[in-house]
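Please examine the model shown below alongside the explanation that accompanies it.

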Amino acid sequence: MTISKDDIHKSVEHIIGEAKNPKPMKDSDDAITELMIFDGFKSDSLDVFLDAYKQTKAPTVTYKAMVTPINKKWSLTYLYSHLVNEAGH
């Protein structure tokens with residue numbers, strides 16, 4: 001799914017259809033350059049998907065996250081900011 005600029009400040013749980021209220025608990029003004037979010041994957045299934053994705057020669061996506069009970073309350077921009085900070089960039 002592609003997310004519009006209007007949606008990047010909405011909560012992850014709103015984007016994935018789990019909440020009607022789009023207001024996130026945490027937000028950021030960071031610009032998102034790339035972000036892939038996984039919802040509903042079990043760890044083993046995600047590993048299989050990521051291995052298959054690498055084999056397709058599709059462009060690498062540096063910032064990836066599984067939806068968790070904590071990060072689904074964040075905006076997409078805050079999640080991205082958090083991933084960038086974790087990576088040390």
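The paragraphs that follow lead through the helices, the aromatic pairs, the segment before the first helix and the largest pocket.

The structure is a predicted model. A suitable starting point is helix H3, which comprises residues 76-87. At 1.5 Å a residue, the 12 residues of this helix should span 16 Å, and the end C-alpha atoms are 17 Å apart, so the expected and modelled lengths agree. The buried residues of H3 are Leu-76, Thr-77, Leu-79, Tyr-80, Ser-81, Leu-83 and Val-84. An α-helix has 3.6 residues a turn, so residues three or four places apart point the same way. Among the elements that cover the buried residues of H3 are helix H1 (12-15), strand S1 (36-38) and strand S2 (64-66). After H3 comes Gly-88, which has a positive phi near 80 degrees.

Within H3, Tyr-80 merits separate attention. Tyr-80 has a relative accessible area of 7% and is therefore buried, given that the limit for this class is under 20%. Apart from residues up to four places away in sequence, Tyr-80 touches Ala-31, Ile-32, Thr-33, Glu-34, Leu-35 and Tyr-63. Thr-56 is not in that environment: Tyr-80 and Thr-56 are separated by 24 residues in sequence and by 24 Å in space, C-alpha to C-alpha.

Helix H2 may be considered next. This helix covers residues 43-55. H2 has 13 residues, and the distance from its first C-alpha to its last is 19 Å, close to the 18 Å expected at 1.5 Å a residue. Just after H2, Lys-57 adopts a positive phi of about 65 degrees, a positive value in a residue other than glycine. Lys-57 belongs to the loop between H2 and S2. With a relative accessibility of 71%, Lys-57 counts as exposed, because the limit for that class is over 50%.

The aromatic side chains connect several of these elements. How many aromatic pairs does the count come to? The count comes to 6 aromatic pairs. One of them is formed by Phe-38 and Phe-49, in an edge-to-face arrangement with 5.6 Å centre to centre and 65 degrees between the planes. This pair links distant parts of the chain, with Phe-38 in strand S1 and Phe-49 in helix H2, 11 residues apart. Phe-38 is buried, with a relative accessible area of 5%, whereas Phe-49 is partly exposed at 31%. Tyr-63 and Tyr-80 form another edge-to-face pair, with 5.2 Å centre to centre and 75 degrees between the planes. Here too the pair links distant parts of the chain: Tyr-63 lies in the loop between H2 and S2, Tyr-80 lies in helix H3, and 17 residues separate them. Tyr-63 is buried, with a relative accessible area of 10%, and Tyr-80 is likewise buried, at 7%. In addition, Phe-38, Phe-41, Phe-49 and Tyr-53 form one aromatic cluster.

Attention now turns to the segment before H1, which contains Ile-8 and Ser-11. Once neighbours within four places in sequence are set aside, Ile-8 is in contact with Ile-3, Ile-32, Ser-75, Leu-76 and Thr-77. Of these, Leu-76 and Thr-77 are among the buried residues of H3. The C-alpha atoms of Ile-8 and Asp-29 are 9.6 Å apart in space, while the two residues are 21 residues apart in sequence. Is Ser-11 buried or exposed? Ser-11 counts as buried, because its relative accessibility is 0%. Leaving aside neighbours within four places in sequence, Ser-11 is in contact with Asn-21, Pro-22, Lys-23, Pro-24, Lys-72, Lys-73, Trp-74 and Ser-75.

The last feature is the largest pocket, whose volume is about 540 Å³. The lining of this pocket consists of 17 residues, and those nearest its centre are Met-1, Thr-2, Ile-3, Leu-35 and Ile-37. H1 and S1 each contribute at least two residues to the lining, and S1 gives the most, with 3 residues. By class, the lining has 12 nonpolar, 2 polar and 3 charged residues. Two of the residues nearest the pocket centre, Ile-3 and Leu-35, also appear in the contacts described above: Ile-3 is in contact with Ile-8, and Leu-35 is touched by Tyr-80.

Terms used:
Residues numbered from 1 in each chain as written. Predicted model: local features only at pLDDT ≥ 70, side-chain atom pairs only at ≥ 80, totals over all residues. Heavy atoms only, no water. Helix = DSSP H or I, 4+ residues; strand = E, 2+ residues; numbered from the N terminus. Expected span 1.5 Å × (residues − 1). Buried < 20%, exposed > 50% of the residue type's maximum accessible area, 1.4 Å probe, protein only. Contact = heavy atoms within 4.5 Å. 1 Å grid on protein atoms, 1.4 Å probe; cavity = no way out; pocket = protein on both sides within 12 Å on 5 of 7 lines; lining within 4 Å. Points joined across faces, edges and corners; volume = space filled by probe spheres on them. Nonpolar A, V, L, I, M, F, W, Y, C, P; charged D, E, K, R; others polar. Phe/Tyr/Trp six-rings, centres within 6.5 Å; stacked < 30°, edge-to-face > 60°.
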